[in-house]
Amino acid sequence: MLLSGTYKGATAVIEHKKLTIRGQGQTRPVIQFDGKLASGRALFIVKGGDIRLENLEFRGARAADGDGAGVRFEGGRLEVVRCAFYDNEHGLVTGNARDAELSVIESEFAHAPREVGGLNHLLYVGTIGRFTLTGSRLFNGFEGHLVKARARETQLLYNML
């Protein structure tokens, strides 16, 4: 559980079998980029297991190679519920684990950096097994995709793009 507030420079590599990280309080906790990323790639990296991120905001991720992400999902099962991704080079990006499953529910991805030639994607899903995007909003991109999906099975349900 994370309480309301801004967590500057907070990063995490998540390797648990089963874990929920839930924001609590009157306002959503903000994970704010402050010069460092987990493994130089993302604010949070999910490496496997059955993980749920709920009511969190990821903001401002920047990497030296222009590929910084709010969340990088590398394998297992990830459920993102009522989270926000603002002003990141990539909001949420996945690896290419063919058996991975990603569900994004009632979340918001917005305000891609205005970098000409940056191709900053708000939500980029690689070659994974299953991807579901439900009841979410994706807007204010710039040159990159709002959502790009290469999953074997993709469901986009009741979203605003």
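Select Asn 159 to begin: it sits in the segment after strand E19 (153-157). This is a predicted model. At 24% relative accessibility, Asn 159 counts as partly exposed. Show what surrounds it. Leaving out residues up to four places away in sequence, Asn 159 touches Leu 133, Thr 134, Gly 135 and Ser 136. Now add Glu 108. Asn 159 and Glu 108 lie 51 residues apart along the chain, and their C-alpha atoms are separated by 9.8 Å.

**Zoom out to the whole chain**

Colour by secondary structure. How many helices and strands does the protein have? There are 0 helices and 19 strands. Turn the model along its principal axes, and the C-alpha atoms fill a box of roughly 40 × 35 × 30 Å. The radius of gyration is 14 Å, which agrees with the value near 15 Å that a compact globule of 161 residues would have.

Colour by burial next. Buried residues make up 49% of the 161 residues. Switch on the surface. The protein exposes about 7,600 Å², and carbon and sulfur atoms supply 47% of that area. Then mark the charges. There are 21 positive and 18 negative charges, and their mean positions are 2 Å apart.

Draw the contacts between residues at least 6 apart in sequence. Of these, 68% join residues at least 24 apart.

**Into the largest core**

Hide the surface. In soluble globular proteins, nonpolar side chains tend to be buried together. Select Leu 53, Leu 102 and Phe 131: of the 37 residues in the largest nonpolar core, these three touch the most other members. Now colour the strands that build this core. E6 (42-46), E7 (50-54), E9 (69-73), E10 (77-81), E13 (101-105), E15 (123-125) and E16 (130-134) each supply at least two of its residues. Which strand gives the largest share of this core? E6 does, with 3 residues.

Keep Leu 102 selected and show its contacts. Residues up to four places away in sequence are left out here. Leu 102 touches Phe 73, Leu 78, Val 80, Leu 92 and Thr 94. Its list also takes in Val 125, Ile 128, Arg 130, Phe 131 and Thr 132.

A second core is separate from this one and has 6 residues. Select Ala 38, Ile 45, Val 93 and Tyr 124, which are among its members.

**Leu 123 and His 145**

Go to Leu 123 in strand E15. Is Leu 123 buried or exposed? Leu 123 is buried, because its relative accessible area is 0% and the cut-off for buried is under 20%. Beyond four places in sequence, Leu 123 touches Leu 92, Phe 109, Phe 131, Leu 133 and Leu 138. Its contacts also include His 145, Leu 146, Val 147 and Lys 148. For a long view, add Gly 35: it is 88 residues from Leu 123 in sequence and 22 Å away in space, C-alpha to C-alpha.

Step across to His 145, in the loop between E17 and E18. His 145 is partly exposed, with a relative accessible area of 38%. Its C-alpha lies 7.4 Å from that of Leu 123, although the two are 22 residues apart in sequence. Setting aside neighbours within four places, His 145 is in contact with Asn 120, His 121, Leu 122 and Leu 123.

**Two positive phi angles**

Stay in the loop between E17 (137-139) and E18 (147-149), and select Glu 143. Most residues other than glycine have a negative phi. Glu 143 has a positive one, near 70°. Glu 143 is partly exposed, at 43% relative accessible area.

Jump to Asp 87, in the loop between E11 (84-86) and E12 (90-94). What is the phi of Asp 87 near? It is near 55°, again a positive value in a residue other than glycine. Asp 87 is partly exposed, with a relative accessible area of 28%.

**Last stop: Arg 82**

Select Arg 82, in the loop between E10 and E11. Arg 82 is partly exposed, with a relative accessible area of 34%. Show its contacts beyond four places in sequence: Arg 28, Glu 54, Asn 55, Leu 56, Ile 105, Glu 106 and Ser 107. Finish by adding Leu 53, one of the core residues selected earlier. Arg 82 and Leu 53 are 29 residues apart along the chain, with 8.5 Å between their C-alpha atoms.

Methods. Residues are numbered from 1 along each chain as its sequence is written. This is a predicted model: local features need pLDDT of at least 70, side-chain atom pairs count only at pLDDT 80 or more; totals for chains, interfaces and linings use all residues. Side-chain values use heavy atoms; hydrogens and water are left out. A nonpolar core is a set of buried Ala, Val, Leu, Ile, Met, Phe, Trp, Tyr and Cys residues joined through side-chain atoms within 4.5 Å. Buried means under 20% relative accessible area, exposed over 50%, partly exposed in between (1.4 Å probe, protein chains only). Helices (H or I, at least four residues) and strands (E, at least two) are DSSP runs, numbered from the N terminus. Contact means heavy atoms within 4.5 Å. The radius of gyration is taken over C-alpha atoms; the globule rule is 2.2 Å times the number of residues to the power 0.38. Accessible areas come from the Shrake-Rupley method with a 1.4 Å probe; for residues, only the protein chains shown count as cover. Lys and Arg count as positive and Asp and Glu as negative; His and the chain ends are not counted. The place of a charge is taken as NZ of Lys, CZ of Arg, CG of Asp or CD of Glu.
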